[in-house]
Amino acid sequence: MNDKSLGWKVLAVCSLPLLITYCSSEDTAIPQTENQTFNTLLQEAPATIIDLDEVPVDTVLVTPDNMLGTKRSSRLSEPVFLSPMGTRFLKIGDSLYVANRQKIYVLDEKGVWQRSVGRQGRGPGEFAASIRISHNSEYIAALDYWNGRIQVFDHNLNLLFTETKNLHDSHLSNNLALTDDFLYMGIPPHGSEDLISVYKMDDFKNRFDSFWPKIIPDGLQPGPYNTIIIDSNESNQLAVTNLGLPYLFILNQEKRINHLLYFDSTYYRELENPAAKPVRIEGKDEHSLPGVRSFIQQMQLNDDGTIYFTVGYNLYEVIPVATNKYQLNRAWHFMIEESPSSSENLKSMHITDMIVESDSLYFVTMSEGYLFKTGL
Amino acid sequence: MNNLLNSGQVLSRNEMKKIVAGTGQCSCSYGGCNVEFGQVATGWSMAVCCNGDCESYSGSGQYGGTICGGQCPNSDLQVA
């Protein structure tokens, strides 16, 4: 990637007086990658360059008072401890629905675990392993990947139906996003060169569409660039980003790219990720194949078009300021005391899933095993 | 990150191949890092997260290494 030329462009822009907030620049030529398929996507819409280093990062101290789920109802016989990876959750009304291992738990507005559904198995309402969940105004969909199916519940967690799918992709970050009309799944359809499968909510049996090209063909490297993070909102907008690349695409309901964001940052340059050019490398384990380090790790597209995403330990907020105009607004870094008695020993919190709603952040982390809620 | 995965208790290559044969997922913590691994018929993928930094790998066919020094998939494997 041509980071040097970009750096000079951003430096030039940022040195101007009366600068647009945080150095966002619209319709500027953005850096191309070494991948022709991906570069084609970059030509499809106007772009905004956002310099993540220009926003002040607020440090937020998280305390035990911010923990949710330290208590449980008598209906739950065992304590809930969230696994360090793979916990996903969503918020409906005042309740949080937390998918952890083979269960979906309900956490009430007071932060008390109330009940759970699911257990390990292959039957209806059972799950093989960690679950990905998403929801719309009517349903909760759980991607039971290792059983090769999607299970759909109502908001009271009554199982409505189970639909077996031909799932064969090996990427772990396969996620899903629901609107009232469509389900988007970051798993390639069988035999397709696309990465995202689309199903209509009123015709769940048949795949309706697919889109977003594989940028690394099967069998070539670095394969992790094909991992997709996707989210949707009530306006049927989609936000899509490829793992390890500093680009985020905003799509309309026709799945056309309306706008794209390029994030310049010191963090990204220090990742030193491999070129996205497809190459043939033989190898059987992580020691012999190129790894791709994550840039955007978690991402949320709100109904008003605001985008929240994490990069490293930081959470960023990008807001739409006009049609197809975006601006970096705020950033945070969350820290917690390693032990209650050592207030000087703070450690950064690695967010592994999050919801931002009404200026509150709900999140789970890599190592704490709890849900947290804090104001922004 | 690679060194962390490759240190400590390690099962024999043959034993590990037997364990991860087929398809399934496992996750484990090792050396201060968290690892998530998945094997399907056509390939495998792995995410290793340490200190706010996550690195991903994917490969074709059967995975041929060890995960978390051999404690995974023993500890948490869910074979589909």
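How many helices and how many strands does chain A have?

## Overall make-up of chain A

In this predicted model, chain A has three helices and 30 strands. Of its 376 residues, 43% count as buried. Among the contacts in chain A with a separation of 6 or more, 49% are accounted for by residues that lie 24 or more positions apart.

## The four-stranded sheet β10 to β13

One open sheet of chain A is built from four strands in the order β10-β11-β12-β13, and the pairing is antiparallel. Strands β10 (132–135) and β13 (159–164) of chain A stand at the edges of this sheet and each has a single partner strand, so one side of each is left without a neighbour in the sheet. On average, and with direction ignored, neighbouring strands of the sheet are turned by 20° against each other.

The strands β10(A) and β11(A) run antiparallel and are joined by four bridges, and a hairpin leads from β10(A) to β11(A) through three residues. Across this pair, A:Ile133 stands opposite A:Ala142 in β11(A). On the other hand, strand β11 (residues 139–144) of chain A also pairs with strand β12 (residues 149–154) of chain A, in the antiparallel sense and over six bridges. These two strands likewise form a hairpin, here with four residues between them, and A:Gly148 in the turn has a positive phi of about 65°.

Individual bridge partners can be followed from β11(A) into β12(A): A:Ile140 has A:Phe153 as its partner, while A:Ala142 is partnered there by A:Gln151. A:Ala142 thus has A:Ile133 opposite it in one pairing and A:Gln151 as its bridge partner in β12(A). Strand β11(A) is mostly covered, with five of its six residues buried.

## Nonpolar cores

Which residues have the most contacts inside the largest nonpolar core? This core has 92 residues, and those with the most contacts inside it are A:Val98, A:Ala141, A:Ala142, A:Tyr184, A:Ile230, A:Ala239 and A:Leu261. Strand β20 (residues 247–251) of chain A gives the most to this core, with five residues.

The surroundings of A:Ile230 can be described in detail: leaving aside its neighbours within four places in sequence, A:Ile230 is in contact with A:Asn175, A:Ala177, A:Tyr184, A:Gly186, A:Ile196, A:Leu238, A:Ala239 and A:Val240. Of these partners, A:Tyr184 and A:Ala239 are also listed among the residues with the most contacts inside the core. A second, separate core has 19 residues, including B:Tyr30, B:Met46, B:Tyr57 and B:Cys68.

## The contact between chains A and B

The contact between the two chains takes 33 residues from chain B and 34 residues from chain A. On the side of chain B that touches chain A, at least two residues are supplied by each of α1 (2–5), β1 (24–30), β2 (33–39), β3 (43–50) and β4 (53–60) of chain B. The largest share of that side, eight residues, comes from β4(B). By class, the side of chain B that touches chain A has eleven nonpolar, 19 polar and three charged residues.

Strand β4(B) also takes part in strand pairing across the two chains, where two bridges join it to strand β22 (residues 292–293) of chain A and the two strands run antiparallel. In this pairing, the bridge partner of A:Arg293 in β4(B) is B:Glu55.

Methods: Residues are numbered from 1 along each chain as its sequence is written. Chains are lettered from A and ligands numbered from 1 in the order in which they are written. This is a predicted model: local features need pLDDT of at least 70, side-chain atom pairs count only at pLDDT 80 or more; totals for chains, interfaces and linings use all residues. Two strands pair if DSSP finds at least two bridges between them. Axes are lines fitted to C-alpha atoms, for helices over the stretch in contact, and angles run from 0 to 180 degrees between N-to-C directions. Two residues are in contact if their C-beta atoms, placed from the backbone, lie within 7 Å. Ala, Val, Leu, Ile, Met, Phe, Trp, Tyr, Cys and Pro count as nonpolar, Asp, Glu, Lys and Arg as charged, and the others, Gly among them, as polar. A residue is buried if 20 or more other C-beta atoms lie within 10 Å of its own, exposed if 12 or fewer, and partly exposed in between; C-beta atoms are placed from the backbone. A nonpolar core is a set of buried Ala, Val, Leu, Ile, Met, Phe, Trp, Tyr and Cys residues joined through C-beta atoms within 7 Å.
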